[in-house]
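Student: I would love a close look at one part of this model, with some context around it. Could you walk me through it?

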Amino acid sequence: MSHDLQNTVVVVTGASSGIGRATAHEFARQGAALFLAARDRRALHDVAEECHREGGQARVVVTDVTRTEDVERLARTAIETAGRIDVWVNNAGIGALGNFDEIPIEAHEQVIQTDLLGYVRGAHAVLPHFKRQQSGVLINNISLGGWAAQPYAASYAAAKFGLRGFAESLRGELHAWPHIHVCNLYPAVMDSPGFRDGGNFTGRAVKPVPPVYDPRRTARAIVRAALHPRPSIYVGSVSRLARFAQAWLPGYSIANARLVETALGKAAPDATSSGNLFSPPTGERRIDGGFRQPSSHRGTALIATSAAVAALGLYWYRRQRR
């Protein structure tokens with residue numbers, strides 16, 4: 001793989017919006033040859049045009065990662081067109097928010113099909129090719145949900161925890177291929193359209209709990225992982241904080257649930273919806289979700305969030321001791 005990514009062949013799933021769209025732009029600026037995958041053909045063509053303007057090459061491959069034949073066709077198209085795949089970015093993701101037993105089981109299944117098995121399908125399609133060429137970088141965009149429990153998003157958490165174990169297992173199997181890398185990204189909460197577009201069974205308008213970061217920050221981390229692969233990459237201080245809290249604060253999942261309940265309690269009523277679980281969303285496809293706070297308030301939000309997590313964890317620890 002080229003050290004400057006010029007003409008490097010990169011596959012990005014979930015490229016139509018949010019982190020995936022920002023990632024496509026970042027690779028295009030490096031002169032990469034991109035294969036953009038998502039369910040929304042029109043949005044993909046828009047992203048491809050944006051990539052061309054940024055100086056990259058981009059082809060569109062409409063792909064539903066819950067369908068094995070789609071993912072295999074994506075890999076085959078890239079190899080037949082470009083002759084190789086250097087970097088595969090598993091990024092497609094959806095979510096369903098609400099009380100676990102009030103979310104239809106079909107919605108839970110779709111989240112796991114996309115967020116866990118979609119990544120498994122991607123790895124299964126590209127790893128034989130990586131082995132033949134004896135090199136390649138597989139990048140999994142997991143999120144802090146891979147370390148920290150996510151109350152009211154249980155199937156999302158199940159998928160993300162599973163991804164971490166899956167990637168660690170792959171890394172062990174690949175010890176004989178030193179130039180094949182498996183990189184896991186753990187971004188904090190990003191200001192993407194996912195909160196607007198995802199399945200919402202809470203009965204409330206959903207907004208992320210601050211601090212919320214720019215998705216382009218994760219995109220830049222993905223490009224750095226392609227250039228300088230590392231096993232684990234954290235994006236945003238809250239990501240590391242969440243890992244620490246889950247490991248060391250008894251009752252953290254309960255404390256996290258309290259934070260979500262407080263936020264939902266203040267939110268306006270909203271109709272339940274399956275959102276983009278089973279089909280692409282109808283809203284505008286873009287990188288940003290519009291939830292980010294002005295920069296002057298981000299430090300305050302981070303301190304407040306950290307203090308709240310620590311205080312709630314200490315509270316539940318003392319309660320359990322009693």
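Student: Over which residues does pLDDT stay under 50, and how many contacts beyond four places in sequence does the model have for them?

Tutor: Happy to! This is a predicted model, and the stretch you are after is residues 296-308, where pLDDT stays under 50. For these residues the model has 14 contacts beyond four places in sequence. Where pLDDT is low, the predicted coordinates should not be read in detail. For context, the mean pLDDT of the protein chain is 90, and 90% of its residues reach 70 or more.

Let us turn to a pair of helices, then. Two packed helices are described by the angle between their axes and the distance between the axes. Helix α1, residues 18-29, packs with helix α7, residues 215-227, at about 50°, and their axes are 8 Å apart. That angle lies outside the parallel, antiparallel and perpendicular ranges, so α1 and α7 are oblique to each other. The crossing of α1 past α7 is right-handed. From α1, the residues making the contact include Ile-19, Ala-22 and Phe-27, while those from α7 include Ala-219, Ile-222 and Val-223. By class, the contact residues of α1 with α7 comprise 8 nonpolar, 3 polar and 3 charged.

Ala-78 is another spot to look at, and this residue belongs to helix α3, residues 68-82. Its relative accessibility is 0%, so Ala-78 counts as buried. Beyond its neighbours within four places in sequence, Ala-78 is in contact with Val-11, Phe-35, Gly-83, Arg-84 and Ile-85. Pro-208 is 130 residues from Ala-78 along the chain, and 36 Å separates their C-alpha atoms.

Terms used: Residues numbered from 1 in each chain as written. Predicted model: local features only at pLDDT ≥ 70, side-chain atom pairs only at ≥ 80, totals over all residues. Heavy atoms only, no water. Axes fitted to C-alpha atoms, helices over the stretch in contact; angles between N-to-C directions. Helix = DSSP H or I, 4+ residues; strand = E, 2+ residues; numbered from the N terminus. Parallel < 35°, antiparallel > 145°, perpendicular 65-115°, else oblique. Left-handed = near helix turned anticlockwise from the far one by under 90°. Contact = heavy atoms within 4.5 Å. Nonpolar A, V, L, I, M, F, W, Y, C, P; charged D, E, K, R; others polar. pLDDT = per-residue confidence, 0-100. Buried < 20%, exposed > 50% of the residue type's maximum accessible area, 1.4 Å probe, protein only.
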